[in-house]
Each structure stands twice: as structure tokens, then as C-alpha cells.
Amino acid sequence: MHAAPPPVATRLDVRGLTRRFGGAPVVDNLSLAVPAGQVTCLLGPSGCGKTTTLRMIAGVERPDSGTIRIDGRTVSDDRTFVPPEARSVGLMFQDFALFPHLTVAQNVAFGLRGDRAARAHRVAELLDRVNLAAFAAKHPHELSGGEQQRVALARALAPRPRVMLMDEPFSGLDNRLRDGIRDVTLEILKEEGTAVLLVTHEPDEALRMGDEIALMRGGRIVQQGSPYNIYNSPVDRAAAAFFSDVNVIRGVSRGALTDTPFGAFLTPGHADGAEVEIVIRPQHLKIDFDRAGRGPNPTPGDGTAARGLVLRARFRGRESLVEFDMQGDHSRLTALVPGVFLPKPGTPLWLMIRRDRCFVFPAARNGESGPAR
């Protein structure tokens with residue numbers, strides 16, 4: 001029998017972290033753990049407390065309560081507050097924060113300790129890994145945005161931090177550069193075994209980079225898990241809508257069933273008379289091209305077809321976006337169709353729903369969505 005692999009050490013452990021401004025909690029009882037070599041993306045809208053969380057972990061903001069441990073060592077609690085320079089934490093920001101009067105090599109060496117030969121060796125090693133060895137004597141203003149980002153990465157990695165904190169580090173790059181720089185960054189961070197906490201408001205970036213996503217809202221983590229689980233098992237309608245556009249079909253649950261234009265949906269766990277929302281992404285709303293006006297027919301797994309009139313259609317490159325006015329209740333639904341499909345406004349079409357891709361939530365009240373059942 002093969003021995004079980006050793007457990008991965010938890011590099012960053014945050015428990016009950018809270019920060020208030022003017023009496024109102026900006027970060028509210030937040031907890032998360034990031035093991036060595038893992039990238040955890042702290043994802044959420046602007047103003048939800050992501051950057052404040054990062055600042056507290058870095059030591060530039062003092063929490064009101066909670067505990068922060070790095071490699072098992074307490075760096076912040078009710079009695080302890082270790083300054084930023086003693087936490088073994090690396091920082092990367094959107095603006096790169098390079099020193100304009102220092103060369104690339106001097107920027108990377110800044111903050112390194114030890115003898116000159118050891119520092120020079122570490123700088124040369126990192127510049128080679130980020131493919132900037134030939135730029136060592138240049139200054140930041142002589143570099144492109146992508147090259148500056150790689151210098152910032154090398155400088156942050158130079159002291160071998162146990163934890164890397166990254167605050168929207170790629171948002172200043174154009175789309176052509178962004179994917180390549182992100183891939184290089186991930187490769188190096190994983191080779192170093194660094195625990196990474198990456199703040200972003202872009203779902204695509206979190207899905208691409210994260211081993212785990214912590215979805216944040218109103219100062220709290222509302223859902224945490226792998227990108228696959230976060231995307232395919234959202235905790236509420238707002239979580240589903242954060243990753244893509246969604247269609248919402250409203251109804252009333254009676255006897256664990258809810259009637260819709262697409263037939264009855266199973267809605268167990270909801271009381272009789274409870275308002276519910278059936279949520280489906282546009283790519284899972286299917287146009288039934290074979291029906292050709294023959295009327296609704298139940299199809300195994302898809303339920304009943306519903307008729308809609310095309311409101312507008314737009315081509316988006318890889319797919320077409322078609323908006324419908326549903327006959328019967330005049331709800332508005334949107335479908336994504338691969339390739340070019342641009343029916344004229346007023347065209348009647350039959351639609352089907354991928355029932356295995358639907359989410360059922362209690363109806364939103366006061367602008368919020370209830371948890372999944």
C-alpha cells in the first residue's frame with residue numbers, strides 16, 4: 001500500500017477578522033485558511049471589504065478583533081500585533097509601486113538581506129525566471145506594463161515570503177498581455193510554494209486563477225469553495241448572477257411544485273404559497289429549432305417548451321444573444337446561441353430549459369436573495 005501524502009501546511013489562517021469604520025463593520029467576522037501552494041481568490045464587488053481584509057493581513061490596518069496566523073505564528077490578535085516587515089508577507093498591487101530612480105535589479109534587490117553575493121544571486125535567479133535578465137540595468141520607465149508587472153512579481157518574491165497578497169494586480173494591463181502575465185505569475189508562485197490571497201472583482205480572473213474562491217459581500221464571505229462548485233452550486237441568486245447574466249422565472253410553490261411557462265418545477269423545501277425564483281443562465285436556455293411552430297411537447301429532461309417572440313438579437317463574436325418576450329406572462333428571457341443567429345424582431349420561437357442547470361431560491365426581498373434549498 002502506498003503511504004498517504006503528507007497534509008499540506010496551512011500558511012495563512014484567519015479567524016473572526018472584524019474591522020469597523022464609524023461603528024459600521026466593513027469586514028465582519030471573516031475566516032479563511034490558505035495552504036502552501038494554493039491560490040485563493042477573494043472575489044466580490046467594490047466596497048465589500050476585500051482590500052481592507054488584505055490590509056489587515058499585511059499589517060497596515062489593525063483589526064478590531066480576530067486572529068491572523070502565518071505558518072502557525074500569531075501575527076495579530078487581541079494582544080499581539082506584528083509589524084508588516086516582520087510578517088513574511090509579499091505584496092503586489094495594481095500600480096506596481098516600482099522605484100523610478102532604481103534599476104530593475106535594484107528594485108528586485110530592495111529589502112533583501114544577507115551578503116552582496118547572495119543578494120545578487122537571488123536577483124539574477126528571479127530575473128531569469130521572469131525572462132527579464134537582459135533588462136537588469138534598465139529603469140522602470142523604459143519597460144512596458146507587462147515587463148513592469150514581472151519586475152514587481154520578482155521583487156515581491158525576492159525575500160521568499162510565506163504568503164503573497166495581491167490586490168487587483170493585473171487590472172492595469174491590456175487584455176493582450178493579461179493572460180500571459182497571469183500564467184507566468186501562477187507558475188512561479190506555485191513553484192515557490194507560496195500561499196496566495198488574490199483580491200479581484202472580476203469573476204473570469206477568479207475562475208482562471210483560483211484553486212479556491214471566497215465570494216464576499218457586505219464584509220462577509222457568503223460562499224467558499226472550488227471554482228467549479230461556486231459556479232455550479234451558487235448559494236443564492238446574487239452569487240449566480242455575479243458570474244454571468246441570469247434569467248429569473250418567478251412563481252409560487254404549491255405542494256413542492258411551481259407552475260411556469262415551461263411546465264411544473266420541483267421546488268421541495270419551500271412552504272405552500274412561498275414565492276420562489278427559478279434561475280437559469282442564458283447558455284442553458286435552448287431554442288428548439290426542430291419544433292418549427294408545431295407547439296409544445298414534453299421532452300425527457302427538459303420539460304415543456306414555451307413560446308416567445310424575439311425582441312432583439314445581437315452578434316457577440318463567438319455567440320449570439322437573443323432576447324425574448326415570453327407569451328403568456330410577458331416575462332423577458334435571454335438565450336445565448338453559439339455562432340451567428342440573428343432572427344428578426346417578432347419572430348416566434350419555442351424555447352426549452354435545461355432543468356439540470358436551474359437553481360431554485362426563495363424570492364428576493366429587500367434587494368437580497370435567499371439561500372438555495
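The expected span of a helix is 1.5 Å times one less than its number of residues. Keep that rule handy for the second exercise. One thing to know before you start: this is a predicted model.

**Exercise 1. Getting your bearings**

Find out how many helices and strands the protein chain has, and what share of its residues is buried.

*Solution.*
- Step 1: Start with the elements. The chain holds eight helices and 20 strands.
- Step 2: Look at the extent. Along its principal axes, the C-alpha trace spans about 80 × 60 × 45 Å.
- Step 3: Turn to burial. The chain has 373 residues, and 48% of them count as buried.
- Step 4: Check the surface. About 18400 Å² is exposed, with carbon and sulfur atoms supplying 51% of it.
- Step 5: Finish with contacts. Take those between residues at least 6 apart in sequence: 64% of them join residues at least 24 apart.

**Exercise 2. Helix H5**

Work out what span helix H5 should have, and compare it with the distance between its end C-alpha atoms. Then find what its buried residues pack against.

*Solution.*
- Step 1: H5 covers residues 175-192, which makes 18 residues.
- Step 2: At 1.5 Å a residue, H5 should span 26 Å, and its end C-alpha atoms are 26 Å apart, so the two agree.
- Step 3: Now pick out the buried residues of H5: Arg 178, Ile 181, Arg 182, Thr 185, Leu 186, Ile 188 and Leu 189.
- Step 4: For a hint about that spacing, remember that an α-helix has 3.6 residues a turn, so residues three or four places apart point the same way.
- Step 5: The buried residues of H5 pack against several elements, among them strand E3 (39-43), helix H3 (116-129) and helix H4 (145-157). Strand E7 (163-167), strand E8 (195-200) and helix H6 (203-209) are also on the list.
- Step 6: Step just past the helix and you meet Gly 193, whose phi is positive, near 70°.

**Exercise 3. Three salt bridges**

Say where the partners of the Asp 71, Glu 202 and Glu 323 salt bridges sit in the chain.

*Solution.*
- Step 1: The count for the structure comes to 25 salt bridges. As a reminder, side chains of opposite charge can pair when their charged atoms come close.
- Step 2: Asp 71 pairs with Arg 11, with the closest N and O atoms 3.0 Å apart. This pair links distant parts of the chain, 60 residues apart: Asp 71 is in the loop between strand E4 (65-70) and strand E5 (73-76), while Arg 11 is in strand E1 (residues 10-21). Asp 71 is partly exposed at 35% relative accessibility, whereas Arg 11 is buried at 12%.
- Step 3: Glu 202 pairs with Arg 178, and here the closest N and O atoms are 3.6 Å apart. Glu 202 lies in the loop between E8 and H6 and Arg 178 in helix H5, so the bridge ties together parts 24 residues apart in sequence. Glu 202 is partly exposed at 22%, but Arg 178 is buried at 12%.
- Step 4: Glu 323 meets Arg 312 at 2.9 Å, N to O. Glu 323 belongs to strand E17 (residues 319-326) and Arg 312 to strand E16 (residues 306-315), so parts 11 residues apart in sequence are tied together. This time Glu 323 is buried at 16%, and Arg 312 is partly exposed at 40%.
- Step 5: Some residues join up in a network of salt bridges: Arg 122, Glu 125, Arg 129, Arg 160, Glu 191 and Glu 192.

**Exercise 4. Cysteines without a bond**

Explain why Cys 41 and Cys 48 are too far apart for a bond.

*Solution.*
- Step 1: A disulfide needs two cysteine sulfur atoms within 2.5 Å.
- Step 2: The cysteine sulfur closest to that of Cys 41 is in Cys 48, and it is 13 Å away, too far for a bond.
- Step 3: Both residues are tucked inside: Cys 41 is buried at 0% relative accessible area, and Cys 48 is buried at 3%.
- Step 4: A search of the whole structure finds zero disulfides.

**Exercise 5. Inside and outside**

Decide whether Thr 200 is buried or exposed, and do likewise for Leu 342.

*Solution.*
- Step 1: Thr 200 lies in strand E8 and is buried, with a relative accessible area of 0%.
- Step 2: Thr 200 touches residues including Leu 42, Lys 50, Glu 168 and Ala 206.
- Step 3: Leu 342 is in the loop between strand E18 (332-338) and strand E19 (348-353). At 46% relative accessibility, Leu 342 counts as partly exposed.
- Step 4: Together with Phe 315 and Val 340, Leu 342 makes a nonpolar surface patch of about 310 Å².

Terms used:
Residues numbered from 1 in each chain as written. Heavy atoms only, no water. Patch = residues over 30% accessible without salt bridge, like charges linked within 9 Å, V, L, I, M, F, W, Y side chains within 5 Å. Areas by Shrake-Rupley, 256 points an atom, 1.4 Å probe, with all protein chains shown as cover. Salt bridge = Lys/Arg side-chain N within 4 Å of Asp/Glu carboxyl O. Helix = DSSP H or I, 4+ residues; strand = E, 2+ residues; numbered from the N terminus. Buried < 20%, exposed > 50% of the residue type's maximum accessible area, 1.4 Å probe, protein only. Contact = heavy atoms within 4.5 Å.
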